[in-house]
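Hi everyone, thanks for making time. I'd like to walk you through one structure today, so please have a look at it on the screen.

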Amino acid sequence: MSGDAMSDWTEGTEAILYQRCGTCSRVWYFRRDFCPHCGDTKVVSYRAAGSGTVHAMTRVARAPSEALRAHAPYVIGLVDVDEGFRMMAHLDDGVRIGDRVRARFETFGDAIVPVFGTD
Ligand SMILES: [Zn+2]
């Protein structure tokens, strides 16, 4: 891990984090100890505001586990977040590709997950 202590929704905190390289300034979503573009270790985490645009989406009819079965069908999509990275997340029913969306957090199974919906 990089030395920062920020936590995100995967750890139960209502936050979406991303990282930026201190050398080449590129940003990415999945937490790493080094930049996936230039390999530098000057990596800093930031909290995203939670707004973005829907890039792609799909409806999940069959939940991947027993705990999630009660939620199906649900919609999963790729959101281009305004800070410059793309993430997979839950979407509200009725959201369409190209829509401007904002994240909130909901309980899903035994975790909290970001859910993007139109305002
Ligand atoms: Zn870099």
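Let's begin with the overall layout. The domain assignment splits the protein chain into domain 1, covering 9-47, and domain 2, covering 51-117. Please keep in mind that this is a predicted model.

How far apart do the C-alpha centres of domain 1 and domain 2 lie? They are 21 Å apart. The two domains do touch: eight residues of domain 1 are in contact with ten residues of domain 2. On the domain 1 side of that contact, we find six nonpolar residues, one polar residue and one charged residue.

Now the strands. There is an open sheet of three strands, ordered 2-1-3, and its pairing is antiparallel. Strand 2 and strand 3 (43-47) are the edges of this sheet; each has a single partner strand, so one side of each has no neighbour in the sheet. Strand 1 and strand 2 are an antiparallel pair with two bridges. If you'd like a spot to look at there, find Q19, which sits opposite W28 in strand 2.

Between those two strands comes a loop, because strand 1 (17-21) and strand 2 (27-28) are separate runs, and S25 is in that loop. What is unusual about the phi of S25? S25 has a positive phi of about 70°, although it is not a glycine. Is S25 buried or exposed? S25 counts as exposed, because it has 11 C-beta neighbours inside 10 Å.

Let's move along the chain to another loop, the one between strand 4 (51-60) and strand 5 (74-81), where P73 is found. Which kind of peptide bond joins A72 and P73? It is a cis peptide bond, with omega at about -5°.

Last stop: strand 8, residues 111-117, which pairs with strand 6, residues 85-91, in the parallel sense over two bridges. Here H90 stands opposite V115 in strand 8. Strand 8 is also joined to strand 7, residues 100-108, this time by seven bridges, and those two strands run antiparallel. In that pairing, F105 faces P114 of strand 8.

Strand 7 and strand 8 form a hairpin with two residues between the strands, and G109 takes a positive phi near 65° there.

As a reminder of the background, strands of a sheet pair through backbone hydrogen bonds, either parallel or antiparallel. Strand 8 gives us both senses to look at: parallel with strand 6, antiparallel with strand 7.

That's my tour. Thanks for listening!

Notes. Residues are numbered from 1 along each chain as its sequence is written. This is a predicted model: local features need pLDDT of at least 70, side-chain atom pairs count only at pLDDT 80 or more; totals for chains, interfaces and linings use all residues. Domain bounds come from an automatic or database domain assignment. Two residues are in contact if their C-beta atoms, placed from the backbone, lie within 7 Å. Ala, Val, Leu, Ile, Met, Phe, Trp, Tyr, Cys and Pro count as nonpolar, Asp, Glu, Lys and Arg as charged, and the others, Gly among them, as polar. Helices (H or I, at least four residues) and strands (E, at least two) are DSSP runs, numbered from the N terminus. A residue is buried if 20 or more other C-beta atoms lie within 10 Å of its own, exposed if 12 or fewer, and partly exposed in between; C-beta atoms are placed from the backbone. Two strands pair if DSSP finds at least two bridges between them.
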